Each structure stands twice: as C-alpha cells, then as structure tokens.
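Biologist: Hello! I am new to this structure and would like a close look at a single part of it.

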Amino acid sequence: MQIFTYLLLGFLVVCAVSVSLSKNLLNSILIYMSYSLIMSIIWILLESPDLAITEAAVGAGITSILFFITLKKIHAIMKDKEEEGEEKDE
C-alpha cells in the first residue's frame with residue numbers, strides 16, 4: 001500500500017510540473033483534470049472521503065468544464081487546431 005501511495009505522489013508531481021511546462025492550453029486542462037483525480041484518490045487513501053468527493057466534483061468536474069467553456073468562448077481551441085494545420089502544411 002505504501003508503494004501505491006508513493007507512486008501516486010510521483011504522478012502528482014509529474015502532473016504539476018507538466019501543467020506548467022505545457023504550451024497547449026487543452027493539454028494543460030486535461031493534465032489538470034488528471035491531477036485532480038489523483039488528488040482525490042490520495043484523499044481516499046488518507047481516509048477523508050468528503051474531501052475526495054469534493055476534489056473530484058470541483059477539481060476534475062466543474063473547474064475543468066469551466067476551463068473548456070472559456071477556451072471555446074475565446075476560440076483558443078480553434079486556434080490550436082489551425083496552428084497545427086499550418087505546421088503540417090509547411
């Protein structure tokens with residue numbers, strides 16, 4: 001069980017670093033979602049189910065949906081796809 005906890009903590013650190021280094025906004029949101037899900041699993045292992053449910057609902061759920069809506073409203077998702085298309089043409 002201890003090894004599983006250390007493995008989750010390692011994934012947590014990897015997610016935190018990769019979110020800050022990611023240049024694509026959509027990938028950053030997906031990594032943030034995985035960070036929140038890993039954090040909710042850690043809360044379950046720490047025997048705190050109320051925090052785990054809150055982290056899963058707010059962190060991975062509502063916040064990520066709001067980020068997706070924001071990216072859609074500012075047309076950042078479309079710009080990323082257009083930039084990828086331009087890079088393939090070159």
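Biologist: Please take me through helix α3: what span should its 25 residues have, and how far apart are its end C-alpha atoms?

Modeller: Happy to! Please keep in mind that this is a predicted model.

Let me place the helix before answering. The protein chain has 4 helices and 0 strands, and along the sequence they give the pattern α-α-α-α. Helix α3 covers residues 49-73.

Now to your question. With 1.5 Å for each residue, the 25 residues of α3 should span 36 Å, and the C-alpha atoms at its ends lie 34 Å apart, so the two values agree. Even so, α3 has a kink of about 25 degrees, and the kink is centred on Ser64.

Ser64 also turns up when we ask which parts of the helix are covered. The buried residues of α3 are Ala52, Gly59, Ala60, Leu71 and Ser64 itself. For the protein chain as a whole, 22% of its 90 residues are buried.

Next, look at Phe67, another residue of α3. Its relative accessible area is 39%, so Phe67 counts as partly exposed, between the 20% limit for buried and the 50% limit for exposed. Phe67 belongs to the 1 aromatic pair that the structure holds. Its partner is Tyr32: the ring centres are 5.9 Å apart and the planes stand at 75 degrees, and because an angle over 60 degrees counts as edge-to-face, that is what this pair is called. The pair links distant parts of the chain, since Tyr32 sits in helix α2 (residues 25-45) and Phe67 in α3, 35 residues apart. Tyr32, at 27% relative accessibility, is partly exposed too. Phe67 can also be related to Leu25: the two are 42 residues apart in sequence, while their C-alpha atoms are 9.4 Å apart in space.

Let us now visit what comes before and after the helix. The loop between α2 and α3 contains Glu47. This residue has a positive phi of about 60 degrees, although it is not a glycine. As a general rule, most residues other than glycine have a negative phi. Glu47 is exposed, with a relative accessibility of 71%.

On the other side, α3 is followed by His75, and here too phi is positive, near 60 degrees. Then comes helix α4 (residues 76-89), where Ala76 is found. Ala76 has a relative accessible area of 9%, so it counts as buried, the cut-off being under 20%. Its C-alpha atom is 8.6 Å from that of Leu26, although Ala76 and Leu26 are 50 residues apart along the chain.

To finish, here is a feature elsewhere on the surface. Met1, Phe4, Leu7, Phe11 and Ile41 make up a nonpolar patch, and together they have about 520 Å² of accessible area. Helix α1 (residues 2-21) gives the largest share of that patch, 3 residues. Leu7 is found in α1, and with a relative accessible area of 47% Leu7 is partly exposed.

So, when you go back to α3 in the viewer, you might start at Ser64, where the kink is centred, and then move on to Phe67 and its edge-to-face partner Tyr32.

Definitions and conventions:
Residues are numbered from 1 along each chain as its sequence is written. This is a predicted model: local features need pLDDT of at least 70, side-chain atom pairs count only at pLDDT 80 or more; totals for chains, interfaces and linings use all residues. Side-chain values use heavy atoms; hydrogens and water are left out. Rings of Phe, Tyr and Trp (its six-membered ring) pair if their centres lie within 6.5 Å; planes under 30 degrees apart count as stacked, over 60 as edge-to-face and the rest as tilted. Helices (H or I, at least four residues) and strands (E, at least two) are DSSP runs, numbered from the N terminus. Buried means under 20% relative accessible area, exposed over 50%, partly exposed in between (1.4 Å probe, protein chains only). The expected span of a helix is 1.5 Å times one less than its number of residues. The bend at a residue is the angle between axes fitted to the seven residues ending there and the seven starting there. Patches are made of residues with over 30% relative accessible area and no salt bridge: like charges are joined within 9 Å, nonpolar side chains (Val, Leu, Ile, Met, Phe, Trp, Tyr) within 5 Å. Accessible areas come from the Shrake-Rupley method with a 1.4 Å probe; for residues, only the protein chains shown count as cover. A salt bridge is a side-chain nitrogen of Lys or Arg within 4 Å of a carboxyl oxygen of Asp or Glu.
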